[in-house]
Amino acid sequence: MTPTEADWQIRQHIYARLVATGRAPDIRDIAAQFDIQPAHAQAALQRLHDAHALVLADGGAVLMAHPLSAVQTDYRARIDGRWLYANCAWDSLGIPAMLGQDAQIEALHPSTRQPIRYAISGGQLVGAEGGLVHFAQPFRHWYDDIVET
């Protein structure tokens, strides 16, 4: 089923909460915010998930609202004094782009676990000399297993 206008409002609420607090609202929070039953909130999240508008974890909680992650990851962007987690290197650049703000970004190299630091300043990528981002899957296959992509 296609997401409804109310579903898109719920999605916007999720983004606002993730940006403001670094945490996604749970079903009870969403139900209370929109004065709906928890089952209706869960159904809305499922429609958004099915439309690839966000990603749910097992159990139905929000896991990802691209480029934001609702859980700690190896990629994070510091904007306005707060850390926001990204799902991957690509999303670490997507957070400052989405918010239209500069960011200091920290990541852990996936093989060596060594810290990598770069930034967005004035809309430009800085400090990533010699860096490389590798996408193991073509985009058309990302949702085959979005968590492992």
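Start with the whole chain: residues 24 or more positions apart account for 39% of its contacts with a separation of 6 or more. A contact here means heavy atoms within 4.5 Å. This is a predicted model, where local features need pLDDT of at least 70, side-chain atom pairs count only at pLDDT 80 or more, and totals for chains, interfaces and linings use all residues. Residues are numbered from 1 along each chain as its sequence is written, and side-chain values use heavy atoms, with hydrogens and water left out.

**The overall layout**

Switch to cartoon view. The chain holds four helices and eight strands. Helices (H or I, at least four residues) and strands (E, at least two) are DSSP runs, numbered from the N terminus. Along the sequence their pattern reads α-α-α-β-β-β-β-β-α-β-β-β. Of the 149 residues, 35% are buried. Buried means under 20% relative accessible area, exposed means over 50%, and partly exposed lies in between (1.4 Å probe, protein chains only).

**Stop 1: helix 1 against helix 3**

Select residues 5–21, which are helix 1. Add residues 38–50, which are helix 3. How do their axes cross? The two axes come within 9 Å and cross at roughly 85°. Axes are lines fitted to C-alpha atoms, for helices over the stretch in contact, and angles run from 0 to 180 degrees between N-to-C directions. Helix 1 and helix 3 are therefore roughly perpendicular. That label covers 65 to 115 degrees; under 35 counts as roughly parallel, over 145 as roughly antiparallel, and the rest as oblique.

Now show side chains. Helix 1 brings Asp 7, Trp 8, Ile 10, Arg 11 and Ile 14 to the contact, while helix 3 brings Ala 44, Leu 45, Arg 47 and Leu 48. These residues divide into six nonpolar, no polar and three charged. Ala, Val, Leu, Ile, Met, Phe, Trp, Tyr, Cys and Pro count as nonpolar, Asp, Glu, Lys and Arg as charged, and the others, Gly among them, as polar.

Pick out Asp 7 in helix 1. Is Asp 7 buried or exposed? Asp 7 counts as buried because its relative accessibility is 2%. Leaving aside residues up to four places away in sequence, Asp 7 touches Ala 44, Arg 47 and Leu 48.

**Stop 2: the core**

Select Ile 14, Leu 18, Leu 45, Leu 68 and Ile 95. In the largest nonpolar core, which has 32 residues, these five touch the most other members. Helix 1 gives the most to this core, with five residues. A nonpolar core is a set of buried Ala, Val, Leu, Ile, Met, Phe, Trp, Tyr and Cys residues joined through side-chain atoms within 4.5 Å.

Center on Ile 95. Beyond four places in sequence, Ile 95 touches Pro 67, Leu 68, Ala 77, Ile 79, Leu 84, Tyr 85 and Ala 86.

**Stop 3: strands 4, 5 and 6**

Select residues 75–79 (strand 4) and 82–86 (strand 5): they run antiparallel, joined by five bridges. Two strands pair if DSSP finds at least two bridges between them. Arg 78 has Trp 83 as its bridge partner in strand 5, and Ile 79 has Arg 82. The two strands form a hairpin with two residues between them, and Asp 80 in the turn has a positive phi of about 50°.

Look at both faces of strand 4. Tyr 75, Ala 77 and Ile 79 lie on the covered face, Arg 76 and Arg 78 on the uncovered one.

Add residues 103–108, strand 6, which pairs with strand 4 in the antiparallel sense over four bridges. There, Ile 105 is the bridge partner of Ala 77.

Finish at Ala 86 in strand 5. Ala 86 counts as buried, at 0% relative accessibility.
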